[in-house]
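Student: I'd like to understand one part of this structure really well. Could you pick a single part and take me through it slowly, explaining the terms as you go?

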Amino acid sequence: MKLLLFCYLLYVGLVAAIMRARGVHAATPSPRSAAPGTIRRVLVIGATGGTGRELVKQALERGYEVTAFVRTPAKLALTHPQLKIVRGDVLDAAAVQAAVAGQDAVVSALGHRRLFVPSRVQTEGMRNVLQAMEQHHVRRLVCVTALGLGDSVGKLGLLATLLVYPFILAIYFWDKSQQEQLIGASELDWVIVRPGVLTDAPKSRSYRHGHHVGSYLSMSRIGRADVADFMLNQLNDDTYLRQAPGIAPQQIERAESGSHP
Ligand SMILES: NC(=O)c1ccc[n+]([C@@H]2O[C@H](COP(=O)([O-])OP(=O)(O)OC[C@H]3O[C@@H](n4cnc5c(N)ncnc54)[C@H](OP(=O)(O)O)[C@@H]3O)[C@@H](O)[C@H]2O)c1
């Protein structure tokens, strides 16, 4: 029994160490500030997902010209004079190149729902996105990942650290942590946004963000609408340039982190 417990804790520690090592860290150096630019055209990757739809909707509300990159256009039941829907798979480098050309920024809510099936879609998809951005001189990237990676390891609460990550998300987060590593190594002006568990709660704009967000004990939940709101704020804000802030609801966290008015 003791041996079993020891092996289990060893495995938990190993998973945490890998997620920590592969993800992005707050100390990631910023080689330069982004040149102040005007962002008008935004490409949304993962636009048919829960967060992606919010990104599209809210970006249109903010007056951006939005291109939604989707595998199944019928899933995005939205029409708007400023919205262009482009069909494509993020694993298709040529399709990604074509979608990225002419954009001012890319926001990504790429994910997949088969948690136990090994997938490289986030890593390989992001590799295509990064290459296309470099080639077409599109500098600003905002990408959602999750609390629990890099220097936020353990910050999704004890249950997540002991059970969810090692047994449910290990395969899923292998891909996700590699995605963070790729972004962190790029020369682009990127911001990684790390939420806790996502919900479909309406936009509250009442959330905290920063490197101290998250708890080693409790699991935080945040609405996709608020995550999208924070992600879109990063398009013209250099506060977290080349960093990976967490985001969580206002009422759970205390002190040290920033907050949205
Ligand atoms: N769920 C949570 O509690 C939670 C917590 C923390 C972080 N996150 C992360 O937050 C992000 C957004 O989560 P979500 O639940 O809002 O997303 P989601 O509903 O799972 O949507 C994922 C999106 O990625 C797209 N996608 C997947 N493979 C693709 C491919 N090969 N080519 C093009 N598009 C592809 C999907 O398109 P299709 O519609 O065609 O499948 C969908 O639009 C994900 O990265 C997720 O891991 C989630």
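Tutor: Let's take a close look at helix α6, then follow its contacts outwards to the parts around it.

Two notes before we start. This is a predicted model, in which local features need pLDDT of at least 70 and side-chain atom pairs count only at pLDDT 80 or more, while totals for chains, interfaces and linings use all residues. Residue numbers start from 1 along each chain, as its sequence is written.

Names such as α6 or β7 refer to DSSP runs, numbered from the N terminus: helices are runs of H or I with at least four residues, and strands are runs of E with at least two. Helix α6 covers residues 224–233, and nine of its ten residues are buried, so the rest of the structure largely encloses it. Buried means that 20 or more other C-beta atoms lie within 10 Å of the residue's own; with 12 or fewer the residue is exposed, and in between it is partly exposed, the C-beta atoms being placed from the backbone. The buried residues of α6 are Arg224, Ala225, Asp226, Val227, Ala228, Asp229, Phe230, Met231 and Leu232.

Let's zoom in on one of them. Alanine 228 sits in helix α6, and it counts as buried because 26 C-beta neighbours lie inside 10 Å. If we leave aside its neighbours within four places in sequence, alanine 228 is in contact with Thr51, Glu54, Leu55 and Gln58. Contact here means that the C-beta atoms of two residues, placed from the backbone, lie within 7 Å. For contrast, serine 177 is 51 residues from alanine 228 in sequence, and their C-alpha atoms are 20 Å apart in space.

Those contacts lead us to helix α2. Two packed helices are described by the angle between their axes and the distance between the axes. The axes of α2 and α6 come within 8 Å and cross at roughly 55 degrees. That angle makes α2 oblique to α6. Angles under 35 degrees count as roughly parallel, over 145 as roughly antiparallel, 65 to 115 as roughly perpendicular, and the rest as oblique. The axes are lines fitted to C-alpha atoms, for helices over the stretch in contact, and the angles run from 0 to 180 degrees between N-to-C directions.

The crossing of α2 and α6 is also right-handed. In a right-handed crossing the near helix is turned clockwise from the far one by less than a right angle, and in a left-handed one anticlockwise.

Which residues make this contact? From α2 come Gly50, Thr51, Glu54, Leu55, Gln58 and Ala59, which meet Arg224, Ala225, Val227, Ala228, Asp229, Met231 and Leu232 in α6. By class, the residues in this contact are seven nonpolar, three polar and three charged. Nonpolar covers Ala, Val, Leu, Ile, Met, Phe, Trp, Tyr, Cys and Pro; charged covers Asp, Glu, Lys and Arg; the others, Gly among them, are polar.

Now look at Gly50 on the α2 side. Glycine 50 belongs to helix α2, and it is partly exposed, because it has 18 C-beta neighbours inside 10 Å. Apart from its neighbours within four places in sequence, glycine 50 is in contact with Leu198, Asp200 and Arg224. Leucine 159, in turn, is 109 residues from glycine 50 in sequence and 24 Å away in space, C-alpha to C-alpha.

Glycine 50 also takes us to the ligand. Of the 26 residues around the ligand, those that come nearest are Gly46, Gly49, Gly50, Thr51 and Gly111. Three elements give two or more residues to this shell: α2 (50–61), α4 (121–135) and β7 (197–199). A residue is near a molecule if its C-beta atom, placed from the backbone, lies within 6 Å of it. Helix α2 gives the most to the shell, with three residues. The shell as a whole has eleven nonpolar, ten polar and five charged residues.

Finally, step into the loop between α6 and β10 (246–249), where arginine 242 is placed. Most residues other than glycine have a negative phi. Arginine 242 is not a glycine, yet it has a positive phi of about 60 degrees. Arginine 242 counts as buried, because 23 other C-beta atoms lie within 10 Å.
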